[in-house]
Amino acid sequence: MKRALALALALAIPVFSAAAPSIVLINGKVFTGPGTFAQAVAIEGNKIKAVGTTAQISALADPATRVIDLQGKLVIPGINDAHTHPLWSAPGFQVSADPNATFAQIAPLIAFAVDETPADLPIHVIVGGPVINDPTVTRLSLNALAPGRKIFLHAFTGHGMVLSTAAMTEIGLDLNTPDPLGGTFGRDANGQLNGRAFEYAQYPLERKLANSFSDEELAQAFAAFAAEAISFGITSIQAMAGPDEERFVRAVDAAGSPLRVRIITIPAVAARGRIGNGGALKWILDGTPIEQGAALRTPYANGGSGKQNFVQADVRDLLKIATDTNRQVLLHAAGDATLLSALQILKAKPMVRPRIEHGDGAHEDLIGLLKETGAIVVQNPTHFPFSGAYPTKAYMPFRSLVNAGVPVAIGSDGPINPYLNILLASDRTDRVNESLTREQALIAYTSGSAFAEMKETEKGKIAAGMLADLAVLSKDLFSVRPPAVPNIKAVMTIIDGQVVFEAEQ
């Protein structure tokens with residue numbers, strides 16, 4: 001540690017200008033890169049001016065400089081959540097069921113919601129695999145349980161939905177709606193919709209529900225989301241939001257939060273038209289193992305192998321939209337069969353920094369293709385506890401990707417607490433040998449995520465010339481015992497050179 005500290009101080013970056021810094025942070029433990037730490041940071045405007053010893057940085061201050069004594073606390077680059085879903089909700093009465101509950105077990109929850117709410121209020125229930133995978137759970141079973149009520153069952157994975165007849169009518173579905181490209185409706189013996197919807201049959205419905213909120217409600221919800229994120233030391237998010245992109249932009253603007261937001265476009269339909277310009281574009285190529293929608297080369301325990309949402313010709317057409325509109329492409333590819341298919345297309349037609357969201361199926365034999373295509377894997381540690389849904393332990397790698405030199409980033413895709421995600425990445429019980437160190441996980445969550453959004457020259461590291469996005473933590477992430485890691489919070493968050501959050505003392 002002493003050697004790393006000495007190296008960091010020896011490499012302290014020179015000052016850019018003669019102007020005094022606006023803020024200096026001294027007497028801290030400043031993480032500057034793998035195994036290296038400094039003591040202090042100077043901020044001028046919205047940039048980091050210098051990094052070095054407390055004596056070096058203190059000498060730059062003048063009477064107008066705000067001097068913050070860190071008292072030994074750890075300073076890290078601002079967390080960059082590379083995969084998060086703000087405002088993915090719907091108006092109505094919300095119920096969260098145990099993900100292991102069966103339909104018989106959630107029936108009392110629905111009955112209670114029916115008794116306690118007005119007859120015209122929609123009821124939304126978040127369910128797990130035992131419900132969403134049960135083919136007998138249809139609009140008819142919901143109708144019998146809650147006659148005339150608008151009941152929506154949503155898979156907690158975001159990949160699956162069951163609607164009552166009243167809910168179908170409310171959202172504009174009729175019994176003869178055809179399957180869209182990339183999606184499937186469940187049907188009864190007569191070929192009519194039975195209320196079950198998956199993938200690109202479901203996504204337009206979720207989008208319509210999210211759009212049911214008013215602009216004011218969306219702005220308030222985003223302000224609350226952003227405030228929570230900043231309290232963790234999250235300074236950037238890469239957002240895959242529920243409402244239409246234009247409405248999400250309005251909500252972000254109206255909220256007025258300093259949180260940096262990169263908007264990832266997720267078309268609700270797999271249309272082959274042009275979709276805007278610039279930014280990033282996400283296509284969902286399969287489901288997840290929870291509803292056995294991730295397409296696998298090794299069958300699930302029940303013999304199924306999942307399903308890809310598109311044939312390769314369709315995927316090539318969708319990727320062309322990204323290239324025609326100058327967008328980075330993000331591909332949800334949870335299964336190894338899906339990932340292999342996607343990488344074969346990317347090998348034949350290279351793209352700039354394609355991203356694989358989730359990377360669950362990045363088996364050892366696919367790592368060479370990942371490197372050849374230049375793909376980035378964005379992993380979601382909150383998925384790791386569900387690795388048993390896959391048929392073998394070859395799924396959900398992480399350390400092997402880092403060791404092979406595959407660029408990796410971390411996105412929450414669930415609870416946004418970054419320290420919970422860092423713990424799940426570094427203290428795995430499902431695949432111990434695939435655990436990262438906490439340092440590796442933090443790097444993936446900061447500079448790795450910046451690389452994933454092509455902003456690595458601007459943020460993700462504490463170095464002179466980088467944006468002044470920093471977090472001062474309540475505990476030392478690198479030394480506290482594992483149970484304490486998820487309880488870490490920011491005591492101060494700085495975005496764009498401004499202190500935007502200070503915990504009450």
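**Note on the predicted model**

1. In this predicted model, H83 belongs to strand β8, which spans residues 79–84. With a relative accessibility of 0%, H83 counts as buried, the cut-off for that class being under 20% relative accessible area. Neighbours within four places in sequence aside, H83 is in contact with Q238, M240, K282, E357, H358, V378, N380, G411, S412 and D413.

2. The largest nonpolar core comprises 87 residues, and those with the most contacts inside it are F222, W283, L331, L370, Y419 and L477. Helix α8, residues 215–231, supplies the largest share of this core, namely six residues. Apart from this core lies another, of 20 residues, which includes F103, A113, I132 and L142.

3. Y419, listed among the residues with the most contacts inside the largest core, touches I76, I79, F232, G233, L473, L477, V485, P486 and I488 when residues up to four places away in sequence are not counted. One of these partners, L477, is likewise listed among the residues with the most contacts inside that core.

4. An open sheet is formed by six strands in the order β3-β2-β7-β22-β23-β24, with mixed pairing. Strands β3 (36–38) and β24 (498–502) stand at the edges and have a single partner strand each, so that one side of each is left without a neighbour in the sheet. From one strand to the next, the twist averages 25 degrees.

5. At the β24 edge, strand β23 (residues 490–495) is joined to β24 by four bridges, and the two strands run antiparallel; within this pairing, I494 stands opposite V499 of β24. Helix α8 lies across β23 and β24, and its direction runs at about 110 degrees to β23. Helix α15, residues 438–452, also packs on the sheet, where it touches β2 (29–33) and β7 (74–77), and its direction makes about 75 degrees with that of β2.

6. What is the environment of M492 in strand β23? M492 is buried, with a relative accessible area of 7%, and, leaving aside neighbours within four places in sequence, M492 is in contact with R66, I68, L470, A471, V472, V499, F501 and E502. The list includes V499, the residue that stands opposite I494 in β24. Although M492 and L70 are 422 residues apart along the chain, their C-alpha atoms are separated by 10.0 Å.

7. Helix α9, residues 245–255, has R247, F248, A251 and V252 as buried residues. These four cover an arc of only 140 degrees around the axis, which puts them on the same side of α9. As general background, an α-helix has 3.6 residues a turn, so residues three or four places apart point the same way. The face of α9 turned away from the buried side carries the exposed residues E246, D253 and A254.

8. The buried residues of α9 pack against α7 (203–210), α8, β15 (234–239) and β16 (260–265), and α8 is also the helix that lies across β23 and β24. Just after α9, G256 takes a positive phi of about 70 degrees.

9. Strand β16, against which buried residues of α9 pack, contains T265. T265 is buried, with a relative accessible area of 8%, and the side chain of T265 is joined to that of R327 by a polar contact of 3.1 Å.

10. Is strand β11, residues 151–155, enclosed or open to its surroundings? Five of the five residues of β11 are buried, so the strand is largely enclosed by the rest of the structure. Both faces are covered, with I151, L153 and A155 buried on one side and F152 and H154 buried on the other. In a regular strand, side chains alternate between the two faces of the sheet.

11. Strand β11 pairs in the parallel sense with β10 (residues 123–127) over five bridges, and in the antiparallel sense with β12 (residues 161–163) over three bridges. In the pairing with β10, A155 is the bridge partner of V127, while in the pairing with β12, F152 stands opposite L163. The hairpin of β11 and β12 has five residues between the strands, and in this hairpin G158 takes a positive phi near 85 degrees.

Notes:
Residues numbered from 1 in each chain as written. Predicted model: local features only at pLDDT ≥ 70, side-chain atom pairs only at ≥ 80, totals over all residues. Heavy atoms only, no water. Core = buried A, V, L, I, M, F, W, Y, C linked by side-chain atoms within 4.5 Å. Buried < 20%, exposed > 50% of the residue type's maximum accessible area, 1.4 Å probe, protein only. Contact = heavy atoms within 4.5 Å. Pairing = 2+ DSSP bridges. Axes fitted to C-alpha atoms, helices over the stretch in contact; angles between N-to-C directions. Arc of directions from axis to C-beta. Polar contact = N/O pair within 3.5 Å; in protein donor to acceptor, adjacent residues only side chain to side chain.
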